[in-house]
Amino acid sequence: MDEKDRNYLIDEDIPRILPVIPTVDVVVFPQMVVPLLILDEKIIKGVEEAIEGSKKIFLLAAHQQPHDFQSPISINDLYNVGTISNIMRVMQLPDGGIKILAQGVAKAPVEEILSDNEHLHVRIGDVRQQEEYDQEKANVQVKNILALIEKISASGKMFGPDFQIILSQIQDPERVCDFVLSHLSLTVPQAQNLLEKDSVTDLLEGLYNYLNNEIEISSVQEKIRNNARDSINKSQREYYLREQMKAIQKELGDESEADADDLQRKILELPLSDEARIEARKQIKRLNKTAPESMEATVIRNHLEWVLGLPWGTYTKDNLDIKHAKQILEDHHYGLNEIKDRILDYLSVKALKNDCHVPIICFAGPPGTGKTSLGKSIAECLGRKYFRISLGGVYDESEIRGHRRTYVGALPGRFIQAVRKSGSMNPIIVIDEIDKIGRSNRGDPAAALLEVLDPEQNQDFYDNYLGFDFDLSKCMFVATANDLSTIPGPLRDRMEIIQLSGYTLDEKQEIAEKHLVARAIQNAGLEEKGVLIDKPVIGEVIDGYTRESGVRELKRLIGKLCSKYARELVENEKKIEFTPKNINEYLGPRRIPKEDIIKADKVGVTNGLAWTPYGGEILQVEAALMPGQGKLILTGQLGEVMRESAQAALTYIKSHAKSFGLQAKNFKGYDIHIHLPAGAIPKDGPSAGITLLSSLLSAFTGRKINGKFAMTGELSLQGKVLPIGGLKEKILAAKQNGLDNVIVPKLNKKDLVGLDKISKGMKIHLVDDVNEVLERVLLPL
């Protein structure tokens, strides 16, 4: 140790370099006396050196290591401010360690930590003498601290009465700080923060903040305890009142329906299944052992009420009168002969064999064709209860299988609810919009429906809420859908699909005359008020204002005419005489253009036929040439399959250019642009192959397309016309647009069976080769 390091700082009694004792869980303040246990040999050597010399050591706290107090302390773990302390006593321990008693003298900053294999020292800076401070401010701070201590003592925490007596006799603010600090249970970071304060006023402020925080914490804890005590008292009060209420009800003979004895009686009386009876008795035993006011008792009681509320053994007897059923179906729905025949077939089998297989039917077709109302008509003709379940937008599997009883607000699935609400074990359940079921991270409802709609499985349908198998095999399921392509294959396989095409103009006319007009007059309150909407008016509304597969828009427009009549009658006391010429005054301008626009003969424009979930559509394909480099440009939001069809059509024309009188320059010097109007609507599918070919060839040759033709068919590179789907809807769309000549693939001839009524007055051209198409539609120059 050189001469410089032997310089003394205070009264020539404190060396600049001192042995260090790191402390883990305590920060020593000046005037504080602490016992320390030392086991490390390096630290023990430092203590022995201090005893032989100045008897001074440096106590320096280490950052807390919450995970392992036994791990060695690193030099980097030590704080930068510590306390110079006197060694008051040393005691040797049998295991080689020592125990010392040290008292803090003054705090000092660390300039450098000196460590070697045998010793650990620090070089300290100037001892921090307390700076001059505002005595008046310090006295005010001491009074505030004393007030907080008195408040804490009143609550019986931290400080006792002797502490206050001694503290009241101390006048010096510095001694007040030292005395209070020695009685606080501070964490190492909190204590170190106070040790590093530069002035007495700062230290007093830190003490005040700490004590004030302790009071707030104590207040919150007391509030929590009081709330808990009040809650317990409230529960005890409710239990006492509930028991009194039970006793009063028992004396009056007015016991609750939910009483365990009453539930037990229902279990004995109802014809439950064996599994349901076992589960119900098990839950009754649990209910008897559960406190009545507990949440668990409510859950058990709700479950039992659901189980016992199901219509066990309640069946409606089917009305097997074929004539009665036929009359109801005819009265409620016009046309739809295939569906009516299927229902009557089932009734005939049911009359011969009571336990026959119950069909699971799916009505698929455009909106507004009467799919949902058909289910209600079937229920009426059979004499069964009716319930409708809408699955559009359902994303949770629990809606089908039910929620587990552990969840708050748990309920059985939609089908168990339907059986209970219908009050019968054999209702007709209409599953509406089955094609619009969603899928999410909460499961796949469509997969859960596989069990419901499988006749081999639904007799043992397991609902998560009920907790046992339930027989759904006696229910008759009728599903509805617009687009079968969105229904998973296994689910579609379980249903008997019956397609509903759109209505023809004549069918719409009949439906309006027999049903819609009378209903609209009744809804408007115009019975016997002289309103007349005759056949020509209905025809004009259908032809000029609706172009739909169903009759919903037609129903709305007829209702609008009745509303206009009612207003004129109320306002002016006049009646309106509707005619085809004046309905535009009440419905606005004609929405559907005249057929002449579609039937016009044009170069590069062909009438194609398309299928959509909402019915058939006329799709005009336009093609035009422009100077360029032989590029094919496709617009109108076409799908990948339709783009490939356009490329195939162009390839066919190029490979047979000579037969069409075309040369290579016709392709190299021009770009060809194909466009399908209504560009905001996506379009796809292969059935526009021959339509694209006709438009392209017309554009290349300059020959007009016969506008009286509509066509559909897939094109192969060999020139074959391949079969397509949705033929019924496409022919209906052509008829609605006044196109009497329709070209369809010859391989679709089988699909024309049963379409005589729709195709009446039309000429269907069956073609096998693309040349047969071009001969009919390409007009000579």
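**Note on helix α1, strand β8, helix α14 and the cysteines**

1. The face of helix α1 that is turned away from its buried side carries two exposed residues, Glu41 and Glu52. The model under discussion is a predicted one, and the points below should be read accordingly.

2. The opposite character is found at Ile43, Ile44, Gly46, Val47 and Ala50 of α1, which are buried. Viewed down the axis of α1, the buried residues fall within an arc of 160 degrees, so they line one face of the helix. This arrangement can be read against the regular geometry of helices: an α-helix has 3.6 residues a turn, so residues three or four places apart point the same way.

3. Which strands help to cover the buried residues of α1? The cover includes β1 (17–23), β2 (33–38) and β3 (56–61), together with β4 (81–92), β5 (98–115) and β6 (120–124).

4. The length of α1 is consistent with its residue count. The helix comprises 12 residues (residues 41–52), for which a span of 16 Å is expected at 1.5 Å a residue; the end C-alpha atoms lie 17 Å apart, which agrees. At the start of α1, a side-chain oxygen of aspartate 40 comes to within 3.0 Å of the backbone nitrogen of lysine 42.

5. Phenylalanine 387 belongs to strand β8 (residues 386–390). With a relative accessible area of 21%, phenylalanine 387 is partly exposed, because the buried class requires a value under 20%. Leaving aside residues up to four places away in sequence, phenylalanine 387 touches Ala418, Lys421, Ile428, Ile429 and Val430. Its C-alpha atom is separated by 37 Å from that of glycine 544, which is 157 residues away along the chain.

6. Ala418, one of the residues touched by phenylalanine 387, is buried in helix α14 (residues 414–422). The other buried residues listed for α14 are Phe415, Ile416, Gln417, Val419 and Ser422. Glycine 423 follows α14 and has a positive phi, near 75 degrees.

7. Why does cysteine 362 form no disulfide? The closest cysteine sulfur, in cysteine 475, is 18 Å from the sulfur of cysteine 362, which is too far for a bond, since a disulfide requires the two sulfur atoms to be within 2.5 Å. The structure as a whole holds zero disulfides. Cysteine 362 counts as buried, at 0% relative accessibility. Cysteine 562 is buried, with a relative accessible area of 0%.

Methods:
Residues numbered from 1 in each chain as written. Predicted model: local features only at pLDDT ≥ 70, side-chain atom pairs only at ≥ 80, totals over all residues. Heavy atoms only, no water. Buried < 20%, exposed > 50% of the residue type's maximum accessible area, 1.4 Å probe, protein only. Helix = DSSP H or I, 4+ residues; strand = E, 2+ residues; numbered from the N terminus. Contact = heavy atoms within 4.5 Å. Expected span 1.5 Å × (residues − 1). Arc of directions from axis to C-beta. Polar contact = N/O pair within 3.5 Å; in protein donor to acceptor, adjacent residues only side chain to side chain.
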